[in-house]
Amino acid sequence: MSDLSEANLGALSAIVDKYRRQPTYLVQVLREVQDALDHIPPAAMAYVASALGVPIGQVEAVTAFYAFFHDRPMGRYRVLISDNITDRMLGSMALVEHMLNRLKLKLGEVSADGVVSVGLTSCTGMCDQGPAMLVNNRTITRLTPRRIDEICELIRAQVPLDDWPSFYFKVDDNIRRADMLLAAQWSPGEALRAATSLGPQGMIHELRLSNLRGRGGAGFTTAVKWEAARNAPGHGPNATRYVVCNADEGEPGTFKDRVLLQSYAGHVFEGMTIAGYAIGASRGFLYLRGEYTYLLQALEKHLADLRKMNLLGRSVCGVEGFDFDIEIHVGAGAYVCGEETALIESLEGKPGRPRIRPPFPVTHGYLGQPTVVNNVETLCKVLEIATHGGARYAGLGTKQSTGTKILSVSGDVDRPGLYEYPFGVRIAQVLEDCGARHPQAVQVSGAAGMCLSEREFGRRIAFEDVPTAGSFMVFGAQRDLFEVARNFTHFFAHESCGFCTPCRVGTTLVSNLMDKIAAGHGTQYEMNELNRLAGVIKGSAHCGLGTASCNAIVDTVQKFRPAYEKRLKAVDFEPAFDLDAALAKAREVTGRDDADAHLAQGMEQH
Amino acid sequence: MNEIANRFNIDGGPVDFEPGQTILQAALAAGVFIPHLCAHPEFTPHGSCKLCTVTVNGRSGSACTIAAMPGMDVQSDTPELNSRRRVLLQMLFVEGHHFCPGCEKSGNCTLQALAYEMEMLTPHFAHFFPDRPVDASHPDVLLDLNRCVMCELCVRASRDFDGKNVFSLAGRGMASKIVVNSPTGLLGDSDLAVTDRAATICPVGAILPKRVGYKVPIGERLYDPIPISAQVGRLSGATAESGCCGCGSGASGGGCGATASATVAQKEA
Ligand SMILES: Cc1cc2nc3c(=O)[nH]c(=O)nc-3n(C[C@H](O)[C@H](O)[C@H](O)COP(=O)(O)O)c2cc1C
Ligand code: SF4
Ligand code: SF4
Ligand code: FES
């Protein structure tokens, strides 16, 4: 600990004390340590380990797991530019080049004076107002070359982030079509009082009538989940139950939860409280993705206001024995933490690796206790059901998919933003409403979802047909679907937690193959390999990240084959490197450059 | 009502199980071999290597983590599943550095034995050639993570058996790696002892006790005379006849307590 200054020691001890030195707060503690020291040096890890009473290996493991944590100095201004496909379509890569040139840096490199580093990060959830970047976890939208110039100036002059022009940090809602949820006003406590007058069983009964299904992707029936948690006994002397709101929203192209948290936080928190009431929980967590740290202050204030209104705290709403409070945990850059068991691991202060299931969180979740994990939008929908009753709710949408669904629309459209529709809306309708420009494909539900071609635009958004977690990315006629799929393969290779063999190694093999094809060295052999690997990974990965990681490849190979074929060499096999180029050095040394000193690549020469 | 028998089928043949057993445990106890690497009878199932992937009533899953249920229809020894296992093994081989002919674990290595079993003839994929330094700082134990397959058996052994937490899995994705809990990150500065369970549990040659490497000559080692699939009794932890976990340490008493404690753990489970 000798290399921690007095001041730093003071800062660290204040941080660990704030979290009552509890090991479950390890991720939160490290986030604040990083804010205070710009990175997490080994001495700070050792300090935190002993203060929280965890092995130093666990602190190291957590630091290394989350993309936003660094064990070495990364520059006092850590710039991360969003690398989602929609940001790319808006010209992000040229901006990255521009910024690196201005700062005379390479990607991922720290400037010699230690002031700045520039890197890429997975989708920041700003696809409707990209290209976007994070500077020390604060979001800046609508980047242009000019704005990049200004940012470089500010960084060079080392102006504190708080003094940067505030409009850089403005994040718009862009609500284009509002229905049940987005048009609803929040009257504090109304839905909660309706729920408490129904009683826990009554509330779950209405939920069952509503047939509400989870909005996080899998579409699990919410009533079944709540009932299972309610019926599951707590374990041990500290037996209790928990409600977790999954606000990790890492799926590329999804940004609806961000808008709900920004402008409908009352709905979200009240939905959590109703869940707490119905299942008999005493605590709730909002797991906020690190990319949305800019929302933290406002959300904390919202919680404080709710406590003042007695909508949180002891005897909530005057209901004797109903004690419930909510706290916010902030993630640190790991898509896999959206998977509910990985999220729980992260809440417990560990790397976000998915657990073995069963047991499921409803019986053994946070700290082994029954836990309900719901998506932000799902919890908002609960208010409609509590207020208007399940039967009325079920009247909207389709049989298997009741109510409305919010879509985050981005890509080649005139009006990107949020569109709320009753379930069953046709893809074509959405495309028309958002002003899609000559769409050739729509990627529904993010990188893990489905790629639909023009022939499928008559299909419907519903669990019966095209299920979605809310991402809707439109690709115009000029886009190259091969590059879209390649971007997704890099995303999965980067976001794989590394726990299981097929996903850890397989996603990298797949993205290497895609790079080989992109570099012009692909043949039918690579196409067969992609197909074979996709089958192995899908059939054996441990969690949804791995099993979905090849969806986009399988879809685009099937539906947009020319995008691949135009890149393929006509030979059966091509090595990944250029044999002739490898001889350049030898030619230079020997001073020979005649025809015989060159090799024809591939098989044609034989 | 008839009581339902605790019996299911693997590849058409019946297997009896005791409630609480996983498919893998039940299969091994019944003498049916399912390839596996990260599972070990002494430790809680982990489910990361995915070599034990089987089809249960038509759906894929890990035999080491799925509880046995009456009437299940399990497919395991099928050409399709074995070819999938071959690809997974190839992935593990190219991810690290596995130079079997020069490795002192050769013949005692589970990865190698499984590769023979699955008739994996080549690594097939381009090698990743990761840069993983060797840690020789410990007087009695060598740590060469070039051969690590991330099974976390050392993590589990050290945490759950030795009570020392010497190892953790850090990083994510391809940057995943085993780290040592010590102020310097070096094994020599940790409290690992060669008598620890964690020092001999490694199924490959990543953690090796020093100075015993060739005590048992190559050709006479664990998997040299008998293929791994024929050693189900030892793998299930039910029989202690082989006397060694396959760690290559040649230790009979303190060095490797695998088989002695295996039976105990089996009973407790
Ligand atoms: C890799 C992966 C990432 C996920 N990310 C999210 C997410 O960001 N938000 C979310 O609500 N659900 C996500 N999920 C789904 C959750 O595991 C879980 O099903 C969901 O939160 C349940 O809430 P719901 O029933 O309200 O849909 C993800 C799943 C996987 C496999
Ligand atoms: S599928 Fe990928 S993300 Fe999921 S557990 Fe396996 S390695 Fe981790
Ligand atoms: S060192 Fe050995 S035991 Fe530990 S994870 Fe690697 S392969 Fe498994
Ligand atoms: S043995 Fe089952 S996943 Fe490794």
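Below is a short chat about a predicted model, covering its ligands, a helix, a loop residue and the nonpolar cores.

Q: Let's start with ligand 1. Which residues come nearest to it?
A: There are 18 residues around ligand 1, and G216(A), K225(A), E249(A), N375(A) and T378(A) come nearest.

Q: What about polar atoms, how far is the side chain of K225(A) from an oxygen atom of ligand 1?
A: An N or O atom in the K225(A) side chain sits 2.8 Å from an oxygen atom of ligand 1.

Q: And which part of E249(A) lies 2.9 Å from a ligand oxygen, backbone or side chain?
A: Backbone: an N or O atom there is 2.9 Å from an oxygen atom of ligand 1. N374(A) also has a polar side-chain atom 2.9 Å from an oxygen atom of this ligand.

Q: Back to K225(A). Which residues of its helix, α9, are buried?
A: Helix α9 of chain A covers residues 222–231, and its buried residues are T222(A), A223(A), K225(A), W226(A) and A229(A). Down the axis of α9(A), these buried residues fall within an arc of 160°, so they line one face of the helix.

Q: What do they pack against?
A: In chain A, the buried residues of α9(A) pack against helices α8 (190–210), α11 (265–279), α13 (340–347) and α14 (376–388), plus strand β9 (371–375).

Q: Switching topic: where does N174(A) lie?
A: N174(A) is in the chain A loop between α7 (145–156) and β5 (175–177).

Q: Why does N174(A) count as buried?
A: Because its relative accessible area is 16%, and buried means under 20%.

Q: Which side chain does it make a polar contact with?
A: The side chain of D128(A), at 2.9 Å. Beyond residues up to four places away in sequence, N174(A) touches D128(A), Q129(A), R142(A), P416(A), G417(A) and L418(A).

Q: OK, ligand 3. What surrounds it?
A: Chain B residues, including C148(B), C151(B), C154(B), C202(B), P203(B) and E152(B). The shell around ligand 3 splits into eleven nonpolar, no polar and one charged.

Q: How many residues are in the largest nonpolar core?
A: It has 90 residues, and those with the most contacts inside it are Y564(A), F8(B), I34(B), M91(B), L111(B) and F167(B). Helix α2 (residues 79–95) of chain B gives the largest share of this core, seven residues. Apart from it lies another core of 69 residues, among them I15(A), V54(A), Y335(A) and I344(A).

Q: What is Y564(A) in contact with, leaving aside neighbours within four places in sequence?
A: Y564(A) is in contact with F482(A), A485(A), M514(A), M527(A), L530(A), I553(A), T556(A) and V557(A).

Key
Residues are numbered from 1 along each chain as its sequence is written. Chains are lettered from A and ligands numbered from 1 in the order in which they are written. This is a predicted model: local features need pLDDT of at least 70, side-chain atom pairs count only at pLDDT 80 or more; totals for chains, interfaces and linings use all residues. Side-chain values use heavy atoms; hydrogens and water are left out. Buried means under 20% relative accessible area, exposed over 50%, partly exposed in between (1.4 Å probe, protein chains only). Helices (H or I, at least four residues) and strands (E, at least two) are DSSP runs, numbered from the N terminus. The arc is that of the directions from the helix axis to the C-beta atoms. Contact means heavy atoms within 4.5 Å. A residue is near a molecule or strand if one of its heavy atoms lies within 4 Å of it. Ala, Val, Leu, Ile, Met, Phe, Trp, Tyr, Cys and Pro count as nonpolar, Asp, Glu, Lys and Arg as charged, and the others, Gly among them, as polar. A nonpolar core is a set of buried Ala, Val, Leu, Ile, Met, Phe, Trp, Tyr and Cys residues joined through side-chain atoms within 4.5 Å. A polar contact is a pair of N or O atoms within 3.5 Å; within protein, one must be able to donate a hydrogen and the other to accept it, and residues adjacent in sequence count only if both atoms are side-chain atoms.
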